[in-house]
Amino acid sequence: MQAPAPSSAASPMTTTSSHPSHYRFVICGAGPVGQALALELHRGGVVANEILLIDAKNAEQVSKDARTIALSHGSQQLLERWHASPQNATAIREIHVSRRRHFGRTLIHAQDYSLPALGYVVRYGDIINPLERSLTQADLQVLRPQLVAAIHNADDEADVVRIALAGRDDITADCVIQAEGGIFSDQVQRQQHRDYQQSAVIAHVNCAHPIAHRAFERFTEEGPIALLPQDAGYSLVWCCRPERANSLQQLDDVAFLQALQTAFGDRVGQFTAASPRFVFTLGLNAQADASRRTVKIGNAAQTLHPVAGQGLNLGLRDAFVLAQHLLRDPVEIGIEKFMQTQEHDRQRTIKITDGMARLFAASADGSALQTVLGLGLSAVDLLSPLKRELAEQMMFGRR
Ligand SMILES: Cc1cc2nc3c(=O)[nH]c(=O)nc-3n(C[C@H](O)[C@H](O)[C@H](O)COP(=O)(O)OP(=O)(O)OC[C@H]3O[C@@H](n4cnc5c(N)ncnc54)[C@H](O)[C@@H]3O)c2cc1C
């Protein structure tokens, strides 16, 4: 999508939502972040016909995304606020951290950090479906399937943004929020960019001895392997080099389960079944763009490696914080304040995630976590500040 040209001229906000092709807020992308923003704006008093969501895919395609997400406690609370608590959320109460070919392990418990859970494992579709229901109940409109082809800041006198839609007339808005997300390999390169040369193989796996509410993070020479408790088995996120990911995806079930057993070991017994495998490319691609009347949130602003489970958690915080500013102030001031307020959270989250991804994709960069792993994980159990450091990095978004 064409990036809007920044402009600094200020002017009062106009609302002309009585015209059917003009909206107060147009949100490009009805993924979880775009939907969350629409619901928070509506909750704050913006009437339904002043908001339009647009998505290139139909609802069924969006809800079939293969990703499983580890949601933070804070994200759970935000989703409850929008009456969109995810279906089938499995609480993670412990995380078992180990390193392949190294002695030792450490266990992180939710109760040591006064949390009911360290995270919640949810399928992407089980996040989207309740959000969709809340949108319908609130009469919020989603135009779909409809590709947004370009976004143009209109001239300063008109004071509106023009949204070019594929195959139909343009629409205009007082404010356009870009929440068109996406995955690393499909995106245009942004300012903060790092290709870790990693992909993730995603599948649901069953095993002989699952341990309820316990997640596993195993660091291997190829990259981290996460097993997140889900249903009677685990959601697998296996990070490795792209060529290896592609060849793992092509293995039949028996060969794939054997490869997983070798890489992960036998902490949950024998792996007995695997769903079809999907591969996602991973990388950092971030640039917090905004202009007078356009702003990017969620993966459209920052796409992160999933090693720390931060992407959607940060995206939901983006949506919540932006809505507060747009509800309180005229558009231009609201966007400006949002960019200032959210900068710290964004940069901190990018830094943590990038640090972990580089550590596990490459190795030794001297970070605290490298020291933690270098010590041998058993020793970490005896050294509580280091254990806290490790726990904080592993807590799926923290807030
Ligand atoms: C393997 C993997 C595991 C992950 N695990 C976690 C995790 O454990 N925890 C976590 O917090 N995050 C995780 N993430 C990150 C998380 O998936 C994203 O941060 C999140 O989906 C971003 O939401 P979004 O709404 O911004 O974008 P998306 O989910 O990408 O949704 C964007 C929407 O915009 C639509 N769209 C795109 N282009 C256009 C266009 N031109 N016109 C109209 N519509 C358009 C798309 O159809 C889509 O519906 C993971 C990611 C991957 C790849």
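This briefing walks through the fold, two helices, the salt bridges, the cysteines and the ligand site of the structure above. The model is predicted. Its chain has 399 residues, of which 56% count as buried, and the secondary structure comes to 11 helices and 19 strands. Among contacts between residues at least 6 apart in sequence, 74% join residues at least 24 apart.

**Helix H4**

- Helix H4 covers residues 124-137, and its 14 residues reach 21 Å from the first C-alpha to the last, close to the 20 Å expected at 1.5 Å a residue.
- Because 10 of the 14 residues of H4 are buried, this helix is largely enclosed by the rest of the structure.
- The buried set includes charged residues such as Asp126 and Glu132, along with Tyr124, Gly125, Ile127, Ile128, Pro130, Leu131, Ser134 and Leu135.
- Just after H4, the backbone at Asp139 adopts a positive phi of about 65°.

**Helix H7**

- Helix H7 runs over residues 311-328, and its end C-alpha atoms are 26 Å apart, in agreement with the 26 Å that its 18 residues should span at 1.5 Å a residue.
- Burial is extensive here: 15 of the 18 residues of H7 are buried, so the rest of the structure largely encloses this helix.

**Ile335 and its surroundings**

- Ile335 sits in helix H8, which spans residues 331-361.
- Is Ile335 buried or exposed? Ile335 is buried, because its relative accessible area of 2% falls under the 20% cut-off.
- Leaving aside residues up to four places away in sequence, Ile335 touches Cys175, Leu326 and a run of neighbours made up of Ala290, Ser291, Arg292, Arg293, Thr294 and Val295.
- His325 lies 10 residues from Ile335 in sequence, and their C-alpha atoms are 7.0 Å apart in space.

**Salt bridges**

- How many salt bridges does a search of the whole structure find? The search finds 21.
- Side chains of opposite charge can pair when their charged atoms come close.
- Arg293, one of the residues touching Ile335, forms a salt bridge with Asp159, and the closest N and O atoms are 3.0 Å apart.
- This pair links distant parts of the chain, 134 residues apart: Arg293 is in the loop between strand S17 (278-286) and strand S18 (294-296), while Asp159 is in the loop between strand S9 (148-153) and strand S10 (161-165).
- Both partners are buried, with Arg293 at 1% relative accessibility and Asp159 at 6%.
- The same two residues belong to a network of salt bridges that also links Arg292 and Glu332.
- Arg123 and Asp231 meet through their side chains in another salt bridge, at 2.8 Å from N to O.
- That pair also joins distant parts of the chain, 108 residues apart, with Arg123 in strand S7 (residues 119-123) and Asp231 in the loop between strand S14 (224-230) and strand S15 (233-240).
- Arg123 is partly exposed at 30% relative accessibility, whereas Asp231 is exposed at 52%.
- A further salt bridge brings together the side chains of Asp289 and Lys296, at 3.5 Å from N to O.
- Asp289 counts as partly exposed at 25% relative accessibility, and Lys296 is buried at 11%.

**Cysteines**

- A disulfide is a covalent bond between the sulfur atoms of two cysteines.
- The count for this structure comes to 0 disulfides.
- Why is Cys240 in no disulfide? The nearest cysteine sulfur, that of Cys239, is 7.4 Å away, so the pair does not come within the 2.5 Å that a disulfide needs.
- Cys240 is buried at 0% relative accessibility.
- Cys175, which Ile335 touches, is buried too, with a relative accessible area of 0%.

**Ligand site**

- Around the ligand there are 32 residues, and those that come nearest are Asp55, Arg67, Ala70, Tyr124 and Asn299.
- Tyr124 also appears among the buried residues of H4.
- Arg67 places a polar side-chain atom 2.8 Å from an oxygen atom of the ligand.
- Val148 contributes through its backbone, with a polar atom there 2.9 Å from a nitrogen atom of the ligand.
- Gly311 has a backbone N or O atom 3.4 Å from an oxygen atom of the ligand.

How values were computed: Residues numbered from 1 in each chain as written. Predicted model: local features only at pLDDT ≥ 70, side-chain atom pairs only at ≥ 80, totals over all residues. Heavy atoms only, no water. Helix = DSSP H or I, 4+ residues; strand = E, 2+ residues; numbered from the N terminus. Buried < 20%, exposed > 50% of the residue type's maximum accessible area, 1.4 Å probe, protein only. Contact = heavy atoms within 4.5 Å. Salt bridge = Lys/Arg side-chain N within 4 Å of Asp/Glu carboxyl O. Expected span 1.5 Å × (residues − 1). Near = heavy atom within 4 Å. Polar contact = N/O pair within 3.5 Å; in protein donor to acceptor, adjacent residues only side chain to side chain.
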